[in-house]
Amino acid sequence: MATHDASGNQSLIDGQGRRIEYVRMSVTDRCDLRCVYCMAEDMTFLPRAQVLSLEEIERLARLFVQQGVSKIRLTGGEPLVRRGIVDLCGRISGLPGLRELVMTTNGSQLAKLAKPLADAGVSRLNISLDSLDPEKFKAITRTGDLLQILEGIEAARSAGFKRIKLNTVVMKGRNADEVPALVDFALARDLDITFIEEMPLGDVGRSRGEAFCSSDEVRELISQQYHLVDSTESSGGPARYVRVEGYPSARIGFISPHSHNFCSTCNRVRMTAEGRLLLCLGQENSIDMRALLRRHPTTDAPLLEALGKALQQKPAHHDFNVNGDVQIVRFMNASGG
């Protein structure tokens, strides 16, 4: 439902009374890595005609911002493998009313694209980094080169972004033992780092429950080395943050869809690369915005009407279960990063 606030501005309110201010938009389902928590080893990607054009993505971004969305995150797959991505960033970042344009990336293309992205108006980056051991990194990503990612991180640090955050999906038997080293790496470079509980999206060819590592377990590992101070800070997403005594520039975050459900404060929706608006990451509720875009190329009224009706069906919460395996058939790359 679209409403007006006290100042007369448009805003989107879902059926639970939550204000939608944040949209994650996938620009592609393709990726140059095959991370074990995100994809199967042998993936079939969408035909090009089924993927939103850059113009369609820009149109949707403009529509959302006009309805009060203040933060857009571009995701994938890997967004930097999409041709024309830098120009798209420049057009979206200039939308009147948008507070910030941010991006999640695996870092593989940052050595050449970090500065152009910063110049195009991307204010913050989230960079996936699941291991500092080249062999472990290769095993987790199946195809990745750790050195290439580290070079990308350094390029990003030099490019002038407002803030850079590392994202780590923690899995027992894979990289949980590296949590202290990853924290050391981030703190030494004044970077934020967020540790994420694995989500049961897509059949990735293994059981997820046996690898599950809770945020509380991760925090305990970090607390053995650092004194952590709770913080009420927010980056506008689901992460809970702590500060580290002696390191005033860096934060450690925890995204805990299993152990510390954040659904009551959910302020976001996701747009997949094929134009499905996912109302909840952990449910199948969605609306086909691509069909509406192509059926109504010159008027936004039908899109806004469909969006308002759909938001009334946004679920109160997801139903992730650590003891289950595949709860959502779509892979994480298809969900939008």
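What percentage of the 337 residues of the chain count as buried? I looked this up before anything else, and I found that 56% of the residues count as buried. I note here that the model is predicted.

**Entry 1: the chain as a whole**

I counted the secondary structure next and recorded 10 helices and 15 strands in the chain. I then turned to the contacts with a separation of 6 or more, and 72% of them join residues that are 24 or more positions apart.

**Entry 2: helix H1 by itself**

I selected helix H1, which covers residues 54-66. I checked its length first. The 13 residues of H1 should span 18 Å at 1.5 Å a residue, and the distance of 18 Å between its end C-alpha atoms agrees with this.

I asked next how many residues of H1 are buried. The count is 10 of the 13, so H1 is largely enclosed by the rest of the structure. I listed the buried residues: Leu54, Glu56, Ile57, Glu58, Arg59, Leu60, Ala61, Leu63, Phe64 and Val65. Just after H1, I came upon Gly68, which has a positive phi of about 100°.

**Entry 3: H1 against H2**

I examined how H1 packs with helix H2, residues 85-93. The angle between the two is about 20°, and their axes lie 10 Å apart. Angles under 35 degrees count as roughly parallel, and H1 is therefore roughly parallel to H2. I recorded the crossing of H1 past H2 as right-handed.

Which residues make the contact? On the side of H1, I found Leu54, Ile57, Glu58 and Ala61; on the side of H2, I found Leu88, Arg91 and Ile92. The residues of this contact comprise 5 nonpolar and 2 charged, with no polar ones. I compared this with my list of buried residues, in which Leu54, Ile57, Glu58 and Ala61 also appear. To understand the spacing, I recalled that an α-helix has 3.6 residues a turn, so residues three or four places apart point the same way.

**Entry 4: H3 against H5**

I repeated the procedure for helix H3, residues 110-119, and helix H5. They pack at an angle of about 20°, and their axes are 8 Å apart. H3 and H5 are therefore roughly parallel to each other. The crossing of H3 past H5 is right-handed.

I noted the residues that meet here. H3 contributes Leu110, Ala111, Ala114, Lys115 and Ala118, while H5 contributes Gly152, Ala155, Ala156 and Ala159. I sorted the residues of this contact into 7 nonpolar, 1 polar and 1 charged.

**Entry 5: backbone exceptions**

I closed with the backbone. Most residues other than glycine have a negative phi, and most peptide bonds are trans. I searched for departures from this.

- The peptide bond from Gly76 to Gly77 is cis, and its omega is near 15°. I located Gly77 in the loop between strand E5 (71-75) and H2.
- Arg142, a residue other than glycine, has a positive phi, near 70°. I placed Arg142 in the loop between helix H4 (134-141) and helix H5 (146-159).
- Asp190 is not a glycine, yet its phi is positive, about 55°. I found Asp190 in the loop between helix H6 (179-188) and strand E9 (192-197).

Is Asp190 buried or exposed? Its relative accessibility is 51%, and exposed means over 50%, so Asp190 counts as exposed.

Notes:
Residues numbered from 1 in each chain as written. Predicted model: local features only at pLDDT ≥ 70, side-chain atom pairs only at ≥ 80, totals over all residues. Heavy atoms only, no water. Axes fitted to C-alpha atoms, helices over the stretch in contact; angles between N-to-C directions. Helix = DSSP H or I, 4+ residues; strand = E, 2+ residues; numbered from the N terminus. Parallel < 35°, antiparallel > 145°, perpendicular 65-115°, else oblique. Left-handed = near helix turned anticlockwise from the far one by under 90°. Contact = heavy atoms within 4.5 Å. Nonpolar A, V, L, I, M, F, W, Y, C, P; charged D, E, K, R; others polar. Buried < 20%, exposed > 50% of the residue type's maximum accessible area, 1.4 Å probe, protein only. Expected span 1.5 Å × (residues − 1).
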